Amino acid sequence: MADQDRITRLFFELFEGLPRQGPGETFSTLRALALVPNVTSSTRILDLGCGTGAQTRALAKHSPATIVAIDNHPPFVDELNRLLKAIGSANRAVAQVGNMDDLNFPSGTFDLIWCEGAIYVIGFDAGLKAWRPLLKPGGHLVVSEACWTKPDPPEECRAFWEQEYPGIKNVEALLAASDGAGYDTIGHFTLPSDAWWNEYYRPLSQNLTEFRWRHREDGDALELADNVQREIDMWKKHGEYYSYEFVVMRVR
Ligand code: SAH
């Protein structure tokens, strides 16, 4: 069996230097932000699973709020703090190492919790439940979450998601789960197809080419590259059946 630490290192190497760590785009981040009322300089935002923080920086640039961004991968946190400094936002936005499944903030700390492309780590239902107490009364939660966008996906596509993320729902089920967890939906929209390619799969494809060449004699690395390529190919073939849904919620 391959050494798990080595595989993890290879995984992070393959994803190094990308503009973001999942599908997304600034336009959609700002579209979701515009649905949240009364974001002022006293608004406190918690950004969970921030990665290198493409969305954190957009939120910092386009709102006067104070932001704490959390990720459990220290190199992402260091990089985000460096980038926040570079754009002059380090005085009101900071990244910290932490676990979204074990947060130690007092209840009612935040006006807005943001989680782009990362709630799948603990699951949509579990995230909504666990983070609710951290919000102030009437506070907002914005997530983007993988979802089916069309019924009856082809079998190979359904089987792929069954293996990768069996919890994937359709939009209707996401909204029902949000309601059941004690949130009102303020608005929702689907991440456009371009947001999967331009800042995520396109640079990742470039990384894959270089990664394969560097590790051309390493079977484990090539297997990892094959798996990531399979994900990209699945999207190219069947991407019309799934995307990420942005859901803007207010706690009841
Ligand atoms: N929001 C970013 C990153 C999404 S990828 C973007 O859209 O580009 C998911 C992120 O969650 C990764 O950066 C990963 O390091 C982080 N992550 C994984 N498990 C985590 C956990 N338990 N707690 C906090 N962050 C976690």
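Q: Is the crossing of α3 and α4 left-handed or right-handed?
A: The model is a predicted one, in which local features need pLDDT of at least 70 and side-chain atom pairs count only at pLDDT 80 or more, while totals for chains, interfaces and linings use all residues. Residues are numbered from 1 along each chain as its sequence is written, and side-chain values use heavy atoms, with hydrogens and water left out. A crossing is left-handed if the near helix is turned anticlockwise from the far one by less than a right angle, and right-handed if clockwise. On this rule, the crossing of α3 and α4 is right-handed.

Q: Which term describes the direction of α3 relative to α4?
A: Axes are lines fitted to C-alpha atoms, for helices over the stretch in contact, and their angles run from 0 to 180 degrees between N-to-C directions. Angles under 35 degrees count as roughly parallel, over 145 as roughly antiparallel, 65 to 115 as roughly perpendicular and the rest as oblique. The axes of α3 and α4 come within 10 Å and cross at roughly 25°. That angle makes α3, relative to α4, roughly parallel.

Q: Which term describes the direction of α1 relative to α9?
A: The axes of α1 and α9 come within 10 Å of each other and cross at roughly 50°. That angle makes α1, relative to α9, oblique.

Q: Are α8 and α9 roughly parallel or roughly antiparallel to each other?
A: The crossing of α8 and α9 is left-handed, and their axes come within 11 Å and cross at roughly 150°. The two helices are therefore roughly antiparallel.

Q: Which element gives the largest share of the lining of the largest pocket?
A: A pocket is sought on a 1 Å grid over the protein atoms alone, as an open set of points where a 1.4 Å probe fits, with protein on both sides within 12 Å along at least five of seven lines, and lining residues have an atom within 4 Å of a point. The space in the largest pocket is about 1300 Å³, and its lining of 46 residues has Phe11, Phe15, Gln21, Tyr120 and Tyr200 closest to the centre. The elements that give two or more residues to this lining include α1 (4-14), β2 (66-71) and β8 (242-251), but the largest share, 7 residues, comes from α9.

Q: How many residues does helix α4 give to the lining of the second largest pocket?
A: About 190 Å³ of space lies in the second largest pocket, which is lined by 14 residues, with Phe15, Glu16, Gly17, Thr52 and Phe76 closest to its centre. Helix α4, residues 74-86, gives the most to this lining, and its number of residues there is 4.

Q: Is alanine 95 buried or exposed?
A: Buried means under 20% relative accessible area, exposed over 50%, and partly exposed in between, for a 1.4 Å probe and protein chains only. Alanine 95 is placed in strand β3, residues 93-97. Because its relative accessible area is 6%, alanine 95 is buried.

Q: What separates the C-alpha atoms of aspartate 179 and methionine 249 in space?
A: Aspartate 179 lies in helix α7, residues 171-180, and counts as partly exposed because its relative accessibility is 43%. Although aspartate 179 and methionine 249 are 70 residues apart along the chain, the separation of their C-alpha atoms is 9.0 Å.

Definitions and conventions
Grid points are joined across faces, edges and corners, and a volume is the space filled by probe spheres set on the points.
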